[in-house]
Amino acid sequence: MKAWSFSTDSHPRAERAEAWREAMSRLGLPIEGLSDAEPASASVVCLTSPLGIEFALVEAGAQAISGRRTGQPAAVWLAVLLSGQATLVTDDLAEEMVAGDIAYGPTGQPAALRLETRCRLMFVRAPRVALDHRLIAPVSLRIGRLQGATGVAHILSGLLRATADGLEDLTVDQLRPVELALTEFLAICLVEGGAETDVLGVGGGSGAPTAHLQRLCQTIETLLPDPDLSLRRVADEEGVSPRYVQKLFASADETFSHYLRTRRLERCRTDLASPQHARLSISEICFRWGFNGSAHFSRAFRDQYGMSPREFRQGAAA
């Protein structure tokens, strides 16, 4: 797990503005509206998780985080306002944020987050490769805001606030469940927040089938360890026909069997990289996530990730 921190207090007064710009640029966050005079005290604490998800706690005075950084890997970013007053600005909207609200969007699209007062924020940048397996078939995503006062967004906001409060003391093992929870909650929030058609890539359909597809995926997630999990079992759990389940997956250019295999492989990969499961054999890990045989699992793992489970585990340990 990569970690770094920064504080303007550790720099000479005349260098603090430029040092702050460099620190925020390291996060992929360009700064505007900051004079070269000594800025208000500002700081960053940043951790990058094993899955490549970046968590950064930022405390800073009034300024604008604005601009479009090119050359960044495709990712989804979140900005949770923990305290202070801020405004999210794009070509289409200008929305005031209150504490607990979550701004989100894809890297590469122009947007501005104006800090109207001194603010404390949690920035999260999740590579698309870490999220796409939970978002079915992501195609595009707009800038938007989730209201953190109610619903699932409230839970996600609370999770990220708690993560921010303990960020400096978190270990790799403690951050792993945060990674997994983040992808689950983010998928749900984007569906319920109305961004589902863009995020999930269900072209031309209404939000209702897309939301149902996401619920199906949540049901599958709870049943992954069952080696006999079938399309009919999932359909029965949801009270729909197997044909309807097939049509939902087809609308996202996906199939039930491929999605099920991918999710099982992702769960196995997470366990193989986790020190908490170091005492489990590769066979035990593949069986606990519903694979019927270690040879079949090894072939599927190599096809998916380009290396054997043993090679991956050795690399993760190193």
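Hi everyone, let me start with one residue: leaving aside residues up to four places away in sequence, Ala 300 touches Arg 261 and Leu 265. Please keep in mind that this is a predicted model. Ala 300 belongs to helix H11. Is it buried or exposed? Ala 300 has 10% relative accessibility, and because the cut-off for buried is under 20%, Ala 300 counts as buried. As for Arg 261, it sits 39 residues from Ala 300 in sequence, yet the two C-alpha atoms are 8.3 Å apart in space.

Let's stay with that helix for a moment. H11 covers residues 294-305, and it packs against helix H12, residues 309-317. For a pair like this, two numbers do the describing: the angle between the axes and the distance between them. Here the angle is about 65 degrees and the axes are 9 Å apart. Which residues of H11 and H12 meet? On the H11 side we have Phe 297, Ser 298, Phe 301 and Arg 302, and on the H12 side Pro 309, Glu 311 and Phe 312. Sorted by class, that contact has 4 nonpolar residues, 1 polar and 2 charged.

Now over to the sheet. It is an open one with 7 strands, and if you want to trace it on the screen, the order is E1-E3-E4-E11-E6-E9-E12, with antiparallel pairing. Strand E1, residues 2-7, and strand E12, residues 144-146, are the edge strands, each pairing on one side only. From one strand to the next, the twist averages 15 degrees. Helix H1, residues 16-26, packs on this sheet and touches E1, strand E3 (43-48), strand E4 (54-60) and strand E11 (119-127). The direction of H1 makes about 155 degrees with that of E1.

Let me walk you through part of that order, beginning with strand E6. This strand spans residues 75-83 and is mostly covered, with 8 of its 9 residues buried. How many bridges join E6 to E11? There are 8, and the two strands run antiparallel. In that pairing, Val 76 stands opposite Ala 126 of E11. E6 also pairs with E9, again in the antiparallel sense, over 5 bridges. There, Leu 78 has Tyr 104 of E9 as its bridge partner.

Tyr 104 then takes us one step further along, since it also stands opposite Gly 144 in E12. Strand E9 itself runs over residues 102-106, and its antiparallel pairing with E12 has 3 bridges.

A quick word on cysteines. A search of the whole structure turns up 0 disulfides. Two cysteines are still worth pointing at: Cys 46 has 1% relative accessibility and counts as buried, and Cys 217 is buried too, with a relative accessible area of 0%.

Finally, how confident is the predictor? The protein chain has an average pLDDT of 84, and 85% of the residues score at least 70. Which elements have the lowest and the highest mean pLDDT? The lowest is helix H5, residues 196-200, with a mean of 37, and the highest is helix H10, residues 282-288, with 95. Across residues 194-206 the pLDDT is below 50, and in the model this stretch has 38 contacts beyond near neighbours in sequence.

That's my tour, thanks for listening!

Key: Residues are numbered from 1 along each chain as its sequence is written. This is a predicted model: local features need pLDDT of at least 70, side-chain atom pairs count only at pLDDT 80 or more; totals for chains, interfaces and linings use all residues. Side-chain values use heavy atoms; hydrogens and water are left out. A disulfide is a pair of cysteine sulfur atoms within 2.5 Å. Buried means under 20% relative accessible area, exposed over 50%, partly exposed in between (1.4 Å probe, protein chains only). pLDDT is the predictor's confidence in each residue, from 0 to 100. Helices (H or I, at least four residues) and strands (E, at least two) are DSSP runs, numbered from the N terminus. Contact means heavy atoms within 4.5 Å. Two strands pair if DSSP finds at least two bridges between them. Axes are lines fitted to C-alpha atoms, for helices over the stretch in contact, and angles run from 0 to 180 degrees between N-to-C directions. Ala, Val, Leu, Ile, Met, Phe, Trp, Tyr, Cys and Pro count as nonpolar, Asp, Glu, Lys and Arg as charged, and the others, Gly among them, as polar.
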